[in-house]
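User: I'm new to this structure and would like a close look at one part of it. Could you walk me through how a pair of helices sits together, and then what surrounds them?

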Amino acid sequence: MPNDRNREPRALRMSRRRMLKGAAAVLGALALPGKDASAAVWEAFLRRNFREMTARDKARVVARLEKEYEAQFGKRVKVAVTPPIEGVLYGYGLDLHRCIGCRRCVYGCVKENNPSRNPQIHWIRVLQMKKEHGVDLEEAAHYYNPSKVPEKEFFYMPVQCQQCERPPCVKVCPVQATWKERDGITVVDYNWCIGCRYCMAACPYGARHFNWKKPGLPAAELVTETHYLGNRPRPVGVVDKCTFCIQRVRNVPGRYPACVEACPVGARKFGNLLDPESEIRYIIANKRVFILKEDLNTQPKFYYFYAT
Amino acid sequence: MRPGRILAAAVAALCLAGGVAAAAQPGAQFPVPAPPFTPGIFPCSDCHKEMKPNATRRELKDEHTDIVLNHAQGQRWCLDCHDTNDRDRLHLVSGRKIRFEESYLLCGQCHGDKFRDWRVGVHGKRTGMWNGEKQYMLCVHCHNPHDPSYKPIPPEPPPVRPDDIRK
Ligand code: SF4
Ligand code: SF4
């Protein structure tokens, strides 16, 4: 595929790790972990990019993170590094005729993905639009709050990461802390992200969110089954985004994303684009389908459709 | 084709035929949860077994007065779907009796397009495993069969405005 899915590891090889090792020798303790810093701090600082890690590296990093999380939340957290399933490319469908704008998906996502509650981060945003105007992002309302939905004159369009096949967010990241996985999920390594927010500027869908403060996540609400590239607790100063619930969907069998299960009207569909029998393929073959901002050639794998 | 291949193809064809047979067996293919009965109302025969069926079209005055038909009203009434002689069953136009768990067959008689989409998991909601076992819902879990349009619900709260976060 003609894209920058993998800028070759050569670019990565002159990695932050090596640069910093050199820099550490030259600069001593300046802005680097202090002399009395523990081995864990050094290890965190000198680790490789996730994509270059061996299984042993990953196990070490996971063990360190799990220990940190346990200390922070007083709960045992599992951090999985489950790889993509061969022969799977995820696709998502959203039926605009069905969606009633109730935002159950928004909070279903919050419950599953450990985002900051305060300050608030929502990975899904539901837009309210006038039926007579059609899909018009300029006119869309985000903060609608009637007593009941749907309202007669409006339709609703939830937007989240579109898992672009050509993701501009990946292209602009100066440190390659974000990339597209083989199964099509665009992921962020929260421990590699430097918080420059270029990707947020590049994403045409407003799908990326910045942790301006240390995420406010009560231990009682913490979901302990996590994935390294997904819903594990985030540090301050990094970007996060929807991953199609990577911690659920990469298992065999794997659960549907949380938003699919939260939607009361069944507007949300999910499956394998490479499986001709999947519901998402049925939708693409049989329904009126469109992708958002098609003209940008980001090639989303998030398909809006009209079932009737 | 090598003999092994032919055999494999034959086996596959047999399996396919078996699959079709299984699909023809109603209920076997779509494991659904219990229908959303009003508590205590089923089995209907608890009350109806003492009564003589009255097949005259009429407005019910004594029982079931809470049911207002808002679903092609005027064109049909109770016993078009509920079976006259077996109140614990529904029946299709063909006369075939079905269990309430198979009510999608009844709905599908008129709403063939929705039924087709429901069978492949596009109309309606499915939960469970995207690459494994799924749970289905019956039409009547979302649509009251006597008044089927989806009823508005209160939305969850809107997101916090960025202005309010900064404060
Ligand atoms: S929607 Fe935005 S964050 Fe998601 S892959 Fe596309 S550009 Fe990246
Ligand atoms: S939960 Fe379903 S109906 Fe409600 S806003 Fe989300 S997609 Fe729309």
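Analyst: Let's start with helix 3 of chain B, residues 103–110, and its neighbor helix 4 of chain B: their axes come within 6 Å and cross at roughly 135°. Keep in mind that this is a predicted model. With angles over 145 degrees counting as roughly antiparallel and 65 to 115 as roughly perpendicular, that crossing falls in neither class, so helix 3 of chain B and helix 4 of chain B are oblique to each other.

Who does the touching? On the helix 3 side of chain B you'll find B:Tyr104, B:Leu105, B:Gly108 and B:Cys110, and they meet B:Gly112, B:Phe115 and B:Trp118 of helix 4 of chain B. Sorted by class, this contact has five nonpolar and two polar residues, with no charged ones.

Now let's turn to where chain B meets chain A. The contact draws 32 residues from chain B and 48 residues from chain A. About 3300 Å² is buried between the two chains, and carbon and sulfur atoms give 59% of that. On the chain B side, B:Val122, B:Trp130 and B:Pro159 lose the most area to chain A, together 22% of what that side buries.

There's polar pairing here too. The interface of chain B and chain A holds 20 residue pairs in polar contact, counting those with both residues at pLDDT 80 or more. Helix 4 comes back into the story at this point: helix 4 (112–119), strand 3 (127–128) and helix 6 (162–166) of chain B each supply at least two residues to the side that touches chain A. Helix 4 of chain B gives the most, with four residues. By class, that whole side of chain B has 16 nonpolar, seven polar and nine charged residues.

What about charges? Side chains of opposite charge can pair when their charged atoms come close. Three salt bridges turn up across the interface of chain B and chain A. A salt bridge joins the side chains of B:Arg126 and A:Glu279, at 3.0 Å from N to O.

If you zoom out, the count over all chains comes to 25 salt bridges. For one inside chain A, look at A:Glu68 and A:Arg64, whose closest N and O atoms are 3.4 Å apart. Those two sit four residues apart in helix 4 of chain A (residues 55–73), which means about one helical turn separates A:Glu68 from A:Arg64. Just don't mix up the two labels: helix 4 of chain A covers residues 55–73, while helix 4 of chain B covers 112–119.

Key:
Residues are numbered from 1 along each chain as its sequence is written. Chains are lettered from A and ligands numbered from 1 in the order in which they are written. This is a predicted model: local features need pLDDT of at least 70, side-chain atom pairs count only at pLDDT 80 or more; totals for chains, interfaces and linings use all residues. Side-chain values use heavy atoms; hydrogens and water are left out. Contact means heavy atoms within 4.5 Å. Buried area is the accessible area (1.4 Å probe) that two parts lose on being put together, summed over both. A salt bridge is a side-chain nitrogen of Lys or Arg within 4 Å of a carboxyl oxygen of Asp or Glu. A polar contact is a pair of N or O atoms within 3.5 Å; within protein, one must be able to donate a hydrogen and the other to accept it, and residues adjacent in sequence count only if both atoms are side-chain atoms. Ala, Val, Leu, Ile, Met, Phe, Trp, Tyr, Cys and Pro count as nonpolar, Asp, Glu, Lys and Arg as charged, and the others, Gly among them, as polar. Axes are lines fitted to C-alpha atoms, for helices over the stretch in contact, and angles run from 0 to 180 degrees between N-to-C directions. Angles under 35 degrees count as roughly parallel, over 145 as roughly antiparallel, 65 to 115 as roughly perpendicular and the rest as oblique.
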